[in-house]
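This report concerns the cysteines of one protein chain and the setting of a selected threonine. Please consult the sequence and the model shown here while reading.

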Amino acid sequence: MDDIHKTSNEKVHVLSVSSAPSHHVHHAVMAHVGGIEYDKTRRRSTIHSYTLSNYHALSHDPQTMRAVHEMTRAKAYKNVIALGLAFMFVFTAFVSIQGLQSTMNWEGGVGVTSLSSIYVTTIISCLLAPWIIQKLTTKWTMIIAFVLCTGYFAGNFHPEHYMLVPLGALLGLLGGPLWSAQATSITSISLAYSEHIHAEEQEIVVNKMMGIFCGLFRTSNIWGNLITTLVLGKNETLHVPKYHNFSTNSTCGAGYCLTVEDELNHGIYFSQNAMRTISSKTKIMLLSIYLGCGMMGIVILISLFDQHKSSKLKCRDDVLSSKETFLATIKMFKDTKCLLLLVIVVFIGLEQGFMFSDFTKAYISCTLGVTSIGPVMICFGAVSSVSCILIGCIASRHIKRFAFISAGATFNIGLLIVLWLWKPSTLDIPNFFVVAACLGLCDAIWQTQTYTLFGIIFMHKQEAAFASYRMFYATGCAIAFGYSYFLCVETKVLILAVVLIIGLICYCVIEMKVQLQSQHIKDIVAL
């Protein structure tokens with residue numbers, strides 16, 4: 001409790017600057033804010049200035065201060081790691097089953113239809129996310145969502161429209177709240193821990209915790225593809241023709257442009273034959289593994305993740321009524337910062353959709369065959385996971401977010417140029433892994449930095465902010481999957497480049513707005 005009183009006294013000391021004589025202003029500005037010696041004459045980065053203006057923005061009621069006092073290093077890391085492991089297990093199964101739906105449950109298109117129902121209802125559920133989280137709490141929102149995920153996995157034992165489509169729709173109804181609850185939990189833990197240790201910059205703590213979570217979560221791409229590769233690799237009848245040369249109008253890479261007629265004549269034929277190569281015994285083995293992963297995630301979340309009071313931490317705003325909470329996500333669209341950020345979020349969704357639908361089909365499968373998708377995607381997941389941890393735990397201490405995003409954008413534009421010009425062949429096998437690794441690095445930068453940015457800027461309305469994030473991320477994924485069969489790969493690459501450039505322009509506008517706002521706050525304090 002002494003630390004808490006010390007924090008409050010330090011805040012009062014800073015606020016008393018305005019009563020100091022003018023010749024003591026410079027000395028007063030060199031005040032300690034939660035252990036930070038802040039010199040107004042020193043030019044700081046945009047994010048540093050902004051986080052200073054928000055430091056100790058959490059309310060100082062007894063319940064919140066008790067939660068901050070209890071958020072020790074061990075408790076903070078235990079909860080973040082437990083959450084990361086739970087998501088890793090559940091999405092190891094989901095990533096795998098998502099990639100197999102078009103071949104394992106091809107009859108009547110039930111597999112892809114169920115996936116579509118998930119994405120559609122996820123977009124809708126984002127509007128309800130703040131209200132659902134307020135009623136269920138973050139922990140139980142995630143637990144119920146994991147139960148529905150496991151139910152969806154179990155439904156694949158009997159793949160019929162009346163089974164999988166409703167289960168997918170139910171899962172999607174908690175898809176938005178799931179991710180909003182996850183991001184809110186990580187941010188709340190980080191903010192409480194940063195106050196507990198009087199961190200110099202809150203963003204470093206948020207970045208580190210988000211990096212640890214994303215690093216663990218992203219390994220699901222590794223384990224999911226590894227399970228699929230190993231189990232299907234033991235199937236003696238899996239040697240199917242490569243998915244290319246079906247059309248005289250198509251080539252691999254950016255020139256891949258499969259027409260609807262080609263899809264009907266050859267795509268369905270391929271899917272049916274691929275389906276026949278997966279025996280019932282193998283399908284049962286895969287689904288049993290996925291079901292076990294889902295149940296493991298639920299157990300970890302229930303037993304190891306605390307319903308800590310930091311998940312209920314409120315800022316100085318009054319507690320919202322149920323009606324106001326229900327409308328909170330819609331009201332986010334009136335916030336110019338949120339609207340400007342949503343463009344880059346849509347790009348992240350578009351690139352994810354491109355990665356899992358077009359890169360795997362037009363580059364890997366078209367050139368090397370379907371059996372090569374697993375190893376290449378393992379490389380993507382490994383680089384993404386390691387990069388998330390390095391960015392969150394190490395690099396963010398020395399490199400500001402603006403520099404990260406600028407470097408990531410430059411790198412991503414260069415990668416899109418490579419994808420546009422590259423003509424893949426069977427002699428370019430190392431290049432497939434290099435491109436996948438580069439996509440993983442870009443994915444790590446976007447995921448960690450945008451999540452952190454939303455958590456810092458909208459710390460007083462996290463549930464609504466992260467619900468908006470997931471809504472537009474899901475929208476980007478849905479668009480990418482939706483136009484996958486109608487546009488050529490070259491056109492999709494150009495769309496990605498255009499949306500990325502627009503998103504970067506919007507992001508620069510936000511940085512300038514935040515800089516002006518933080519400078520105005522500093523001038524008021526200095527006076």
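## Burial of the bonded cysteines

In this predicted model, Cys252 and Cys366 are both buried.

## The disulfide

How many disulfides does the structure hold? The number is 1. The bond is formed by Cys252 and Cys366, whose sulfur atoms lie 1.9 Å apart. The link of Cys252 and Cys366 is left-handed, with -80° about the S-S bond. Distant parts of the chain are joined by this pair, which is 114 residues apart. Cys252 belongs to the loop between α9 (202–233) and α10 (260–277), whereas Cys366 belongs to helix α14 (residues 336–368).

## Other cysteines

Why does Cys506 form no bond with Cys508? The closest cysteine sulfur to that of Cys506 is in Cys508, at 9.3 Å, which is too far for a bond, because a disulfide requires sulfur atoms within 2.5 Å.

Cys506 has a relative accessible area of 13% and is therefore buried. Cys293 is likewise buried, because its relative accessible area is 10%, and the term applies under 20%.

## The setting of Thr113

Thr113 is placed in helix α6 (residues 110–155). With a relative accessible area of 32%, Thr113 is partly exposed.

Which residues does Thr113 contact, leaving aside its neighbours within four places in sequence? They are His161 and Val165. Gln101 is 12 residues from Thr113 along the chain, and the C-alpha atoms of these two residues are separated by 9.3 Å.

How values were computed:
Residues are numbered from 1 along each chain as its sequence is written. This is a predicted model: local features need pLDDT of at least 70, side-chain atom pairs count only at pLDDT 80 or more; totals for chains, interfaces and linings use all residues. Side-chain values use heavy atoms; hydrogens and water are left out. Helices (H or I, at least four residues) and strands (E, at least two) are DSSP runs, numbered from the N terminus. Buried means under 20% relative accessible area, exposed over 50%, partly exposed in between (1.4 Å probe, protein chains only). Contact means heavy atoms within 4.5 Å.
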